[in-house]
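User: I should be grateful for a close look at one part of this structure, namely its nonpolar core and the helix that contributes to it, with the surroundings described afterwards.

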Amino acid sequence: MTKLTKASDALDMAWAEIQRLKLEPYIADLDLNGFTVIPPEIANPDGLHGRLLDAVLDVAERRDGVRPDIETGSTHAGYKGTYEEYAGTEGDSPVGEFLNALILEGQPFEDALMNPVLLAMTTYLLGYSVVLSQMGCFIKGKNENTFSFHSDTLIPAPLPPQALICNATYLLTDFTRENGATAFVPGSHKWGRHPGPEEAIVGGENGNPRGVAAEGPAGSMVVWHGGTWHGAFNRLNDGLRVSMTVLMARPNMRTELDLFGEVPQEMLDRHPARFAFLVQQGITYGSNSPEESLARGKRAREVEQAYFKEIGLEAEERIAFHLYG
Ligand SMILES: [Fe+2]
């Protein structure tokens, strides 16, 4: 692996990794449209997506008491649960079931976070100090409600051109318009704002005419800039649409999960030093007392130093790393 000699070389190191993985066309697509679909042979060359599908079905069965029925979709048709509070939606859920905090559910999920393609794409958008915000899974059966266009960057407009967060989603079943694919408004990451009510409609007669479906076979990875407007078409077919979203953030952003101190040491021990940084063990914010603040700061610096050592960066470059890296 190329090593950094100074933090301002971070973009060169990120680009070398992008070239090694042959991701240049997907970076170009991402810059132009705000999202890209990376095919299975590049995104999951070792069949990780198959192991992830089995693993998420296991988690769903353990949490819900019933295994999702991929073939018929009978377990989730007309599902009303997750996000039923969204936008006064009547009828079925626009997103299906959402399983969260999957990073703590075993090896396949850790492998998903450490996938070099996922790390190269999200590092390009958010720098080497990128951290995991959430790892979740949407399981959606046949439904009527579409999921409105929105940006995941939850700050008031104007949104900055640089991504503050981004999303890398593993498609674990085939995504087509009829299968209820994620919808995007290409180029919307450049507009620096959230959609208005009429612009937010997905599909149908009154739907935003710029909306397109992100289509790809199981094993593809969809990556998008945190400012890109996205939602989802409703699913017209039987069966289930299963996707695993890996939401990533710059380390100064509030993350969906608060993982500091929550990750078992044996999990940290089986990965490179970057893993501990990715799962938020290098974040100093969030303490509730002076004692906790000191202890957390000490632990976070140790994690950061180990990561710096791994990528060849001197400790003195710490501030520049977070600015450029
Ligand atoms: Fe979203």
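Analyst: The account below begins with the core and its helix and then moves outward to the rest of the chain.

The model is a predicted one. Its largest nonpolar core comprises 82 residues, and Val223, Val246 and Met248 are those with the most contacts inside it. Helix H6, residues 116-126, supplies the largest share of this core, namely 8 residues. In soluble globular proteins, nonpolar side chains tend to be buried together.

Helix H6 is largely enclosed by the rest of the structure, because 10 of its 11 residues are buried. The buried residues run through Val117, Leu118, Leu119, Ala120, Met121, Thr122, Thr123, Tyr124, Leu125 and Leu126. Just after the helix, Gly127 adopts a positive phi of about 85 degrees.

Two residues of this stretch recur in the surroundings of Met248. Once the neighbours within four places in sequence are set aside, the contacts of Met248 include Thr122 and Leu126. Met248 is also in contact with Val130, Val131, Leu132 and Ser133, and with Ile165, Cys166 and Ala168. Strand S5 spans residues 165-171, and strand S10 spans residues 241-249.

Helix H6 also packs against a helix from an early part of the chain. The axes of H1 and H6 come within 10 Å of each other and cross at roughly 145 degrees, and the crossing is left-handed. On the H1 side the contact is made by Ala14, Glu17 and Ile18, and on the H6 side by Ala120, Thr123 and Tyr124. Ala120, Thr123 and Tyr124 also appear among the buried residues of H6. An α-helix has 3.6 residues a turn, so residues three or four places apart point the same way.

A second pair of helices may be set beside this one. Helix H4 (residues 48-64) and helix H5 (residues 107-114) have axes that come within 9 Å and cross at roughly 140 degrees. H4 and H5 are therefore oblique to each other, and H4 passes H5 in a left-handed crossing. Leu48, Arg51, Leu52 and Ala55 of H4 make the contact with Pro108, Phe109, Asp111 and Ala112 of H5.

Several loops deserve attention for their backbone geometry. Most residues other than glycine have a negative phi, and most peptide bonds are trans. Lys22, in the loop between helix H1 (10-20) and helix H2 (24-33), has a positive phi near 60 degrees. Lys22 counts as exposed because 10 other C-beta atoms lie within 10 Å. Gln280 likewise has a positive phi, of about 75 degrees, although it is not a glycine. Gln280 sits in the loop between helix H8 (273-278) and helix H9 (290-311), and it is buried, with 25 other C-beta atoms within 10 Å. The peptide bond from Ala157 to Pro158 is cis, with omega near 5 degrees. Pro158 belongs to the loop between strand S4 (147-150) and strand S5 (165-171).

Two aspartates in loops illustrate how separation in sequence relates to separation in space. Asp238 lies in the loop between strand S9 (230-232) and strand S10 (241-249) and is partly exposed, with 13 other C-beta atoms within 10 Å. Asp238 and Glu71 are 167 residues apart along the chain, yet 7.4 Å separates their C-alpha atoms. Beyond its neighbours within four places in sequence, Asp238 is in contact with Thr72, Gly73 and Lys142. Asp174 occupies the loop between S5 and strand S6 (182-184) and is also partly exposed, with 17 C-beta neighbours inside 10 Å. Asp174 and Ser287 are 113 residues apart in sequence, while their C-alpha atoms are 43 Å apart. With neighbours within four places left aside, the contacts of Asp174 are Asn179, Pro217 and Ala218.

These details may finally be placed in the setting of the whole chain. The secondary structure comprises 10 helices and 10 strands. The C-alpha trace spans about 55 × 45 × 40 Å along its principal axes. The radius of gyration is 20 Å, which agrees with the value near 20 Å of a compact globule of 325 residues. Of these 325 residues, 46% count as buried. Among contacts with a separation of 6 or more, 81% join residues 24 or more positions apart.

Conventions. Residues numbered from 1 in each chain as written. Predicted model: local features only at pLDDT ≥ 70, side-chain atom pairs only at ≥ 80, totals over all residues. Core = buried A, V, L, I, M, F, W, Y, C linked by C-beta atoms within 7 Å. Buried ≥ 20, exposed ≤ 12 C-beta atoms within 10 Å, placed from the backbone. Helix = DSSP H or I, 4+ residues; strand = E, 2+ residues; numbered from the N terminus. Contact = placed C-beta atoms within 7 Å. Rg over C-alpha atoms; globule rule 2.2 N^0.38 Å. Axes fitted to C-alpha atoms, helices over the stretch in contact; angles between N-to-C directions. Parallel < 35°, antiparallel > 145°, perpendicular 65-115°, else oblique. Left-handed = near helix turned anticlockwise from the far one by under 90°.
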